[in-house]
Amino acid sequence: MTEPTHDEPHGGALGSRLNWLRAAVLGANDGIVSTAGLVVGVAGATDSRSALLTAGLAGLLAGSMSMAAGEYVSVSTQRDSEMAALAMEKRELREQPEVELRELTDLLQARGLSRDVAREAAEQLTERDALRAHASVELGINPDELTNPWHAAGASFLAFTVGALLPLLAIVLPPAAWRLGVTVLSVLAALVLTGWSSARLGAARPGRAVLRNAAGGALAMAVTYAAGSLLGAVGV
């Protein structure tokens, strides 16, 4: 008989990597949509290459910095919460070890182990590394892999910048007559790719995600272009 094979990946590290990949895809998607909406809106009001470049660069820098700052604050808050929870757990283990042992036993029993097996497992885990055991089973935290706000901020900044460069280059490099068409087609193609990628990373069907992503980007560009054209027509 052959050994059964398991094609699906396992492990918390893989889940963490997939979360980072999804965040990168979504950050790039934000850069594409927001910058495309901005430059297409300006293109509706003027065909000045310098105005388009200035607006696009300003949007890229403002968006990437905003994404990085927001991610830093969010992840810092999460890390502070994780560290506070670990500190409390460490204090409880020091002050009331028997209570914590019973709590770990109850948690393991709730996961399907018999009472005796859960007690034995809790004792072995506690002897090996009590804090790590409670952090994993009770809190769902790996003490060696706490979230890093600087990594998150840098990844968000980079992802947004990479996404934003596409519509910026597409609007300033082609001749004036081709700018809008090249930008719209490039942006829609990129949104199809990011929609497909985010769906696949989340193990979901890509069709609906691709359609939703492309439609949202198209709507954003249509609205901003209409607004820019109206403002340009009245001489604002």
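Colleague: What phi does Gly-140 take, just after helix 4?
Modeller: Helices here are DSSP runs of H or I with at least four residues, strands are E runs of at least two, and both are numbered from the N terminus. Once helix 4 is over, Gly-140 comes along with a positive phi of about 70°.

Colleague: And what kind of model are we looking at?
Modeller: Residues are numbered from 1 along each chain as its sequence is written, and side-chain values use heavy atoms, leaving out hydrogens and water. Local features need pLDDT of at least 70, side-chain atom pairs count only at pLDDT 80 or more, and totals for chains, interfaces and linings use all residues, since this is a predicted model.

Colleague: How far apart are the end C-alpha atoms of helix 4?
Modeller: Helix 4 covers residues 115–139, which makes 25 residues. The expected span is 1.5 Å times one less than the number of residues. A straight helix would reach 36 Å, but the ends of helix 4 are only 21 Å apart.

Colleague: Where does helix 4 bend?
Modeller: A bend is the angle between axes fitted to the seven residues ending at a residue and the seven starting there. For helix 4 that angle is about 125°, and the residue is Asp-129.

Colleague: Which helices help cover the buried residues of helix 4?
Modeller: Buried means under 20% relative accessible area, exposed over 50%, and partly exposed in between, using a 1.4 Å probe and protein chains only. The buried residues of helix 4 include Ala-118, Ala-130 and His-134. Their cover, counted by contact (heavy atoms within 4.5 Å), includes helix 2 (49–95) and helix 3 (97–110).

Colleague: Which residues form the aromatic pair?
Modeller: The whole structure holds 1 aromatic pair. Rings of Phe, Tyr and Trp (its six-membered ring) pair if their centres lie within 6.5 Å; planes under 30 degrees apart are stacked, over 60 edge-to-face, and the rest tilted. Here the pair is tilted, at 4.8 Å centre to centre and 55° between the planes, and the partners are Tyr-72 and Trp-150.

Colleague: Why does that pair tie together parts 78 residues apart in sequence?
Modeller: At 31% relative accessibility, Tyr-72 is partly exposed, while Trp-150 is exposed at 62%. The pair ties such parts together because Tyr-72 lies in helix 2 and Trp-150 in helix 5.

Colleague: What radius of gyration does the chain have?
Modeller: The chain has 7 helices and 0 strands. The radius is taken over C-alpha atoms, and the globule rule is 2.2 Å times the number of residues to the power 0.38. A compact globule of 236 residues would be near 18 Å, but the chain has 25 Å.
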